[in-house]
Every structure is written in C-alpha cells, then in structure tokens.
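Thanks for taking a look at this one with me. Below are some notes to help you find your way around, set out as numbered points.

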Amino acid sequence: MSLLRKSLAANSSIFTPSEAPTIAMIHSSSHRRRLFSSSKRRSRGPVMAAKKASGGEKQEEGRYKHTVDLPKTTFGMRANALVREPEIQKLWEDNQVFKRVVDNNNGENFVLHDGPPYANGDLHMGHALNKILKDVINRYKSMDQEARKDLTTSKLRAKAAKFAKATVKTQMTSFKRYGVWADWDNPYLTLDPEYEAAQIEVFGQMVFQGYVYRGRKPVHWSPSSRTALAEAELEYPEGHVSKSIYAIFSLVSAPPASDGLLEEFFPDLCLAIWTTTPWTVPANADLRIIAQLRIAVAVNAKLQYAVIEVQSFSGDVSTSSGNKKQRLGHVLKEEKKPFLIVASDLVSTLEAKWGTKLVVKKTLLGSDLENCRYIHPIDKRECPVVIGGDYITTESGTGLVHTAPGHGREDYITGLKYGLPIISPVDDDGKFTEEAVQFSGLDVLGDGNIAVVKYLDEQMSIIMEESYQHNYPYDWRTKKPTIFRATEQWFASVEGFRQTVMEAISQVKWIPPQGENRITAMTSSRSDWCISRQRTWGVPIPVFYHLETKEPLMNEETVDHIKSIIAQKGSDAWWYMKVEDLLPEKYRDQASGYEKGTDTMDVWFDSGSSWAAVLGKRNGARFPADLYLEGTDQHRGWFQSSLLTSIATKGKAPYSSVITHGFVLDEKGCKMSKSLGNVVDPHTIIEGGKTQRLEAPGYGADVLRLWVSSVDYTGDVMIGPQVLRQMSDIYRKLRGTLRYLLGNLHDWEADNAISYNDLPMIDKHALFQLENVVNTIKESYDNYHFFKIFQIIQRFVIVDLSNFYFDVAKDRLYVGGTTSFTRRSCQTVLAAHLLSIVRVIAPILPHLAEDVWQNLPFQFTVQDGSAAKFVFESKWPAPNGKWLAFPIEEIDFWRKILELRTEVNKVLEVARAGKLIGSSLEAKVYLHTSDACLASRLHERCAASNDADALNRIFITSQKVKTILPFGHLYGNVQVEMIQHLKHDVIETIPCTGEYLVEGNDRVWIGVAPAEGLKCERCWNYTPQVGSFVEHPTLCGRCYKVVAVQPEPAVAAVS
C-alpha cells in the first residue's frame, strides 16, 4: 500500500542474511550487556546459518536456508531524515491529508487557539518547543475523537506590513519543516482587515461599558521608541548599573501638633533621601515657580525614624571596586554637619556605608513627620512631608522617599492622596523640557542625570553618590533603558471588572497548577492598563479630537462607522482618508473642527483580541477555546490581555485550559547567548550545518520533536549536542524496533490471525502489557504529560519488548515454520503491537509513523471499512477489554517468570564464562522450589501444550527445563529427576548453580549443565533427536516436520 514508491530506492531495504544478525544484536537480552559477545551468540543461531550459506559455503551446509523465515521489509534502518521527512511532508501536502483528517472528523472540535506570532525574525528553540507541543496536542486530538523619522506614515506602515508578511512566510516554512500541521493556506493575521475590525469592536465595547478613559499618569516610556510600553513589553537584563545618591533636604518647620518634637534641631535638621534616579529630583520641584504647586518627601507612618548627629567621618572614602563606585558629597566635608532624619533600622548600615560616626539623638514615628516642611534644594521652595505606603521599607536607602508623581507609580498614588501636581519635565526623546530650566535639553539618562547630581552637590545636598546594580526595565525591541514618565494616554480601568476576572481565573484549568497563582498575583495587583501607543503602525484608537478644546469624540456611531471602513479597507484607511470621510454622516458638517488621533493600540490589545477575531468567527473555532499554550512569560502577556478583553466584553474567560512551558537553556542550564557560543538553532538541528564550534549533523525534525516530548516543559528545559545525540540514539533504537515488527510481518494477512482464546499465555500476557501501555499513554496525552509518554516508549517499546518478547519470539518466527500455529500466533501479537505503537507515537513522531505506515505489508481498515492510506486516518487504537482482563494470578506468575528469567541468565553467564557452554542454546536448566504452587506452575510451563509457552523457549535454551519437584511425580519421557527434596548429591552433579529469592523466604534453586544430544543444523538447538531422520540426519524433530512440508528451491540449469 506504499504511496511513496519514488523514494523506496533511496530509503528501503530487505533484511538480507548479512544484515539480519545486526537486528538480532539490537534486540539481544539486556541481562548480558556486560558480556556482549554472549548475547550475540545467544539469539542468532538460525540467522547465522543463513548468513553462512549466503556467504558462499557449500550448498550442503546451507541447504536449509530457504526454510528460514527471515524478516523482510522495504522500511530502511537509516532514517535519511533530511530527504525522507520532506518527502513525507510533500506526501501529506499533495494528498491534502490534513484537510482529509479535519473533514473526516465526526466528533466535536477541539480548539487550541494559537497566539499571534511576533513577526520579528527567524525562529529559535523557544518557538520550536512551543509549536511542537501544540502540534503534538493537535495531532493527538485529530486521532482521538472523542528608520522611521524619514518615512511618511503610509510608507512606514507599508514597510512594516511588508516585513511582517515576509517574516510570517519565513516562520511558516520553518514550522512546516518541524512537521507542524495547520491550515497554512488560510492563517489568521492581525493585520487582516476582518481581524482589525474585530479588534475595533472589542475596544468600542470596552469604551461603551465605561472601562476605557483618557488620563495623565506615569507609564513606562521608551525614549528610543518614543512610545509608552506595557509591562509585558519590558525586559530586565542583568548588569544594569544606575547612579544613586543619598541627598538631603533642609527641614524648616514642624506642624503645631508636634509639640516642639524637633524644635531643638532647627535650623540644622535635614531629611535624608535615597534615589536611583537623580534626574527625577527636578520633578520634585516647581522649577517654573508656580506658587500653588506642592511636591513632597514621603515616609512610612509605621516605621520608627531617628534624628542622628554626624559626629565624625574617616576622611575621603571614595572607592572604586568593579561596578561599585562611591564618592562622598561636599556636605560631609564641612566642619559643621547637619542633623539628619533616617529610619532607625538603617542607622548602622548608613554609618558603615558613609564612613561616619552617627549618634542617635531622638526617635519618633513616621506619622510624627507628616506635614513637616522642607526646602527643595533646586527651587528653594517649601514642600511637605507626606505619608506614603508600604513601598517605603528599610531594605535599602534611608527610609524616606522623594516623591515625583509624574515619574513613579507609587509616587502617583501618594500624589493623588495629597493633591500633588503631576510634573514631568521630560519630552518624548527622554530629554529635559524648558520646565527644567538649567537642565533643559539634556538627556535624563545621560548628561541630565550627571548635571542634576553635580548641581545638588554644589548646593551641599549630596551625602554620597554610589553606583547601584539592579534590575531595570529595558525596551524589548530596542534593548535600551526606559523611564517612568507621565503622559496623556488611553487606559483600561481593570478595577471596574477585576473581581469578575479573579472569579474567571479560578474556573480555568491551569497546567501546571502554579500558573493560577502566578496570573492571580499579577492580575490582582495590576494597575490600569495603558492601551495607547505612540506609533504609526498598528490599529488606530478610533478617536477624534476637537481642535480647540481637545475634547475627544468617540461614541457608538463613530466607532461602528470606522469599524465598517476598516473591515473593508484595513486600518491604513485611518491614515489616508480625510476626517470628513471617516466621520459618520451625522458629524460630517463638523469635520473641519476635528482632527484624527494618532495613537495606536498596544500590541497586547492586538493579540488579546484574537479570541474575538477567530473564536466563533472561523468555521469550527468555537468560543471559548479548549486550550491556550504559551511560555510562562505570557501570564503577564497574552494570557492576561486575552483574559481582560474577554471578561470586559463577554464576561467569561476565552479559554477553558491554559498550559505554560519554561524557557530553553543549554545543556548546562545556562541561558543561550551568541557571545557564549551556546545557541542551539532548531534549523541546524534538523538540517545540520556549521555552528560556532563545529560541523553539526542533521538529525531531522522527528529527533527535535522527540526531545520536546522528553522534557518536563512546565519548567525550564535543556538542550545541546549531548542531549541531541542521546535523542538520536533513542530514535534509532525505536526505528529498529519498528523495522523488526515490519520485517516479521512481511507475509502477514489479517486472515492469518489466531483468536485471542487460542493464543499461548505468553502472547496473551504481551497483549495485556500492550493494552496497559496504550491506556497509560492515552491518559498521558489527555493530561499533556508528554515526558511520561517518552519514558513509556523508551522503556516498553525499546527495552521491554526487545529484551524479552522479541528475543524469545525469534525462534518461532524464523524456524518455527511459515504457517505454524506458534509463528502465526506470534505474528498476531506483532501486528497488534505495530498498529498500536505506530499510532500512539504518531503525534510526537509523525514522519517516522507515516514512514512505517507507507511500508505496511498489509492494508489496515477503519471501522467504516475504508482503507486508512495515511497513519492519521487510522484513528487512535480502540480499547480492548478482553486483553486487559488477563487474570491477576497470571499477571503475578508472569512477573515471577520474568524475574526468574533474569536470574537464569545470570547463571548462564557464569556457565559461559567458565567455558561450560558457548551460547545459551548449549545449556540445560534445572529448577527447584519448595513453594508447591510455584513449582506446579513451573512444571506446567515445562509441559506446555504449545512450544511458545515452554520454559526452555522463554530461557532460550535447547532442552526442556528440568523441574526437581518437592513431591514425587512422573512427567512423560523427558529426562526429569523427580525427588522429594533437593539433595546434596544432585547439586554436585550440576556444575553451575544459583538462587532466586521470590517473596519472603521462598527461593528457586537454579542449575545449568551442558545440553544433551547433537546440534540441529537449522535451528541450532541441541537434542537427542538429531540423527534420527534418514532424509535429514542433521535436523531435530521440529525442523524435520517443517522441512518435510516445504519444497526444495528451484535450481537454475547450467548449460
């Protein structure tokens, strides 16, 4: 049924006799890995016989090679992923397999809403982790159905759109190469007119419900981008160093209610403040000398403060150590030093830092300082001391905070409480305005900062200047520092619907569960959302301003009209159309009195509106989505913006479940960096190529996907060359296992299947294990525990099956006879394993699964009777209760059998090391146990009615295992020494012995001796029967029966 005929020549093979031993080696017993040569000899007898014959030995010696059923398959051992995977992807594309799977879906849709990508460059490992996780889920669900200043606005927007579309196309190509399935011909883009119209509608609904307002308050501002930024648009790089100062403001009076508490210290009493942003001090003053404006210093009402005397200091303590630089101000060098007010808990810290002797003269509460007055060192005007909040602590600084409401969130809140003005003498470029007088035109983060510190020191207001390393917000696009700056912006009042948001969060399933705590903390404490940006690209805020009053015009009529225009023409229309054309008919006669707003919406409002543009709008994409899946940073990004817009307009969350994954680190747990040379590129993993250090092999997409499945994505994950080599090795072993299954089913047809009730117990046990594994894997898929699936596949498919069932199956598969009951029963089990394994791994390893499916030697039909031409048309394996109903006592017995086999192998190894035997086929095994029940069960296995259940087949030894029973009993004519007790003289006749502790004190005694009889030429088993058949004197009884019914191969005539 192969649909990849063209590629078979490059990537197919048949098990030739010379290759077959390799397969045997792959699946050799794990019990003898330390002595690998023994493992090889142990399981390759008939294969070696065929190999010798094909190698040119005499026909007489290889006369039975045609009777050995060696594996045959067109499925190559080498993945050849760089060629094969693109071929498989083309197969899917040419046959529209994704569409076929979607169209054949007869159950409910599962909606995993993929967030809008940031079209800003090539993909990295974070993208790979994210998209592959999504694709694994989707594939499983598909199977289981239950330079802008010089640019005009229009040119800039056109350039941005061109860049975004080109990048989306590039990213799409990479995602396809990862094996990610999607409707790539019909993606949703945030710059599509219908999407923009839906976003305008969400904005309008929030406006009409009173959640959106325009106001002046401090926001994160990027001078390098000249726009406001949301918290989610910030990053905090390591190593930022700020210029901090300890400054003093002279206290001139205390309120009458203080009863002269501080009178004795006037006029030499000062407030000591600490700040990491000296450039904001001018905003603490009224530089234009407007009398009614008031600025402040804030204290914590609950903290204890101290009046301290500076008695002495150790001289010039200027130091420089790495990034830590300190310089004392001029005031401490004066002979007369002021009294200072600081938090009591910080006195000793400040004493050590300043290199001074500080003596506490009086203590008081912060509340006692309220309404004291100080002189601002810049404008010499009186300002008040006010009570701040819990943000004022004794963790650092002095316990007093200079308050600039135009440059800090907490300062703004305190300013509202006391009616303080919002002063922000800084322009869009981050430079002081004319309001800052002598500092006008200076960059606040550069020369302006330096100038302010210098001026304060000249005014005897600096105690110490110190470099300070801390987390500081940077613009995530320009990678340059930001500032807090008060500007006119549009805000969404989260307070208006915060309680509904908190209730909705508790109704969502968060994976991992701590995600709920994370988003709860972020949402419960977040301030109003600044949703306007000063950019020309993006979706405009649909508002008009009156030319004279600057009052905004925005109502249902205007918003609906603009929405209809954008739905047809896109958001570019806002910039190229005239005001009279953008206004509804009702307002056109007033158009000359209005101008268009130039602000655009925050990109998080763009992406946060995706539910409105996609869910419920596109065919099958219902609202709410079943799942959102992104990195853990999206708790403050897309998860939150989507939640806020949805709650504000719909009253419910846009998702039922949310999965978050961690960040990708190198294999040492370090953050990836080009400078460190540890960046792992997903394209290089797949295609190979030069890295910064060496030539990297190309592993293909499935190895990358296997790695994704192997990690616990809920935390940070690691990847690197060593990890990839391990993944490649596991992939190769899995491929070998699947090739073994395919090869041994080359002559299989469904009609050959043996009914379950007639199967040997070893085969029933194998099906019981398979059903358990499939159920466990399904549960893991349903719970998104992909790393557990990886562990199960590695343990069961690669280790357990290969080391036991496949190992013991080779005898009956290769030499048991083509149509024999034992071979057909084994093939029945192998077919079940192949069809189940290939389907359960398909979501993770789709290329490998499809490659196997295209090489199936038989046709698979689904429930409706149609042929499944592709693996994803085959659906998830149907549950089989009969397989799972394997009796408990049999489960326990087979557990003991497997444990006993391990111990028998150990004794066989001892015998081999002592040169008593070569391979295990040269051995005879004795067993004795005092446990009558176990002894009886073992005896039954020796006398099994079918060859597959016999202990000697399970142990891969030649002759039937001898059970030395604890009671007298005769068993056929096979040599079994029946004695009531294990006697010393019996032990002495058996050269190699060992013991297996079953449970408690029950033990099984194990003995190994050389097998009796001669070696069968065909199967290499030893038996006294060899030599009994005149026509075939070198064969055992079983092989004689097989050969007797098989015709001799035709011999070509020689002229």
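**Notes for a first look**

1. Let's begin with a pair of charged side chains: K778 and D782 form a salt bridge, and their closest N and O atoms are 3.2 Å apart. Both residues sit in helix α24 (residues 761-782), and because they are 4 residues apart there, about one helical turn separates them. K778 counts as buried at 17% relative accessibility, while D782, with a relative accessible area of 28%, is partly exposed. Please keep in mind throughout that this is a predicted model.

2. Now for the overall picture. The protein has 1055 residues, and 56% of them count as buried. Its secondary structure consists of 33 helices and 36 strands. The accessible surface comes to about 45,600 Å², with 51% of that belonging to carbon and sulfur atoms.

3. Back to charged pairs, with the general idea in mind: side chains of opposite charge can pair when their charged atoms come close. The count for this protein comes to 60 salt bridges. One of them joins the side chains of E466 and K353, at 2.9 Å from N to O. What does this pair tie together? E466 belongs to strand β15 (residues 462-469) and K353 to helix α10 (residues 347-354), so the bridge connects parts that are 113 residues apart in sequence. E466 is buried, with a relative accessible area of 3%, whereas K353 is partly exposed at 22%.

4. Another salt bridge worth finding is the one where the side chains of E890 and R937 meet, at 2.8 Å from N to O. This pair links distant parts of the chain, 47 residues apart: E890 is in helix α29 (residues 888-913) and R937 in helix α30 (residues 932-942). Are these two residues buried or exposed? Both E890 and R937 are buried. Elsewhere, salt bridges link E233, R477, R533, R535 and D602 in a network.

5. Next, the nonpolar interior. The largest nonpolar core has 156 residues, and those touching the most other members are M125, L704, W707, I719, Y805, I841 and L927. Helix α25 (residues 786-814) supplies the largest share of this core, with 16 residues. There is also a second, separate core of 75 residues, which includes A272, L364, A436 and Y455. If you would like one residue of the largest core to explore, try L704: setting aside residues up to four places away in sequence, L704 touches M125, A128, I132, Y178, P682, I685, I686 and I719.

6. On to the sheets, where strands pair through backbone hydrogen bonds, either parallel or antiparallel. One open sheet has 4 strands in the order β2-β1-β17-β19, and its pairing is antiparallel. At its edges are β2 (227-229) and β19 (529-530), each pairing on one side only. Strand β17 (residues 483-492) pairs with β19 over 2 bridges, and F491 stands opposite C530 in β19. Helix α11 (residues 409-418) lies across β1 (212-222) and β17, and runs at about 140° to β1.

7. A second open sheet to look at has 3 strands, in the order β22-β21-β23, again with antiparallel pairing. Why is one side of β22 and of β23 left without a neighbour in the sheet? β22 (552-553) and β23 (594-596) stand at the edges and each has a single partner strand, so nothing in the sheet flanks the other side. Strand β21 (residues 544-546) pairs with β22 over 2 bridges, and Y545 has P552 in β22 as its bridge partner.

8. Finally, two single residues for comparison. T660 is found in strand β26 (residues 655-661) and is buried, with a relative accessible area of 5%. Its contacts, leaving aside neighbours within four places in sequence, are I511, P512, E630, G631, T632, H635, F639, Y713 and T714. L191, in turn, lies in the loop between α8 (153-177) and α9 (193-208) and is partly exposed, at 28% relative accessible area. Not counting residues up to four places away in sequence, L191 touches A161, A164, K165 and E196. The C-alpha atoms of L191 and S571 are separated by 8.0 Å, although these residues are 380 residues apart along the chain.

Terms used. Residues numbered from 1 in each chain as written. Predicted model: local features only at pLDDT ≥ 70, side-chain atom pairs only at ≥ 80, totals over all residues. Heavy atoms only, no water. Buried < 20%, exposed > 50% of the residue type's maximum accessible area, 1.4 Å probe, protein only. Contact = heavy atoms within 4.5 Å. Core = buried A, V, L, I, M, F, W, Y, C linked by side-chain atoms within 4.5 Å. Pairing = 2+ DSSP bridges. Areas by Shrake-Rupley, 256 points an atom, 1.4 Å probe, with all protein chains shown as cover. Axes fitted to C-alpha atoms, helices over the stretch in contact; angles between N-to-C directions. Salt bridge = Lys/Arg side-chain N within 4 Å of Asp/Glu carboxyl O.
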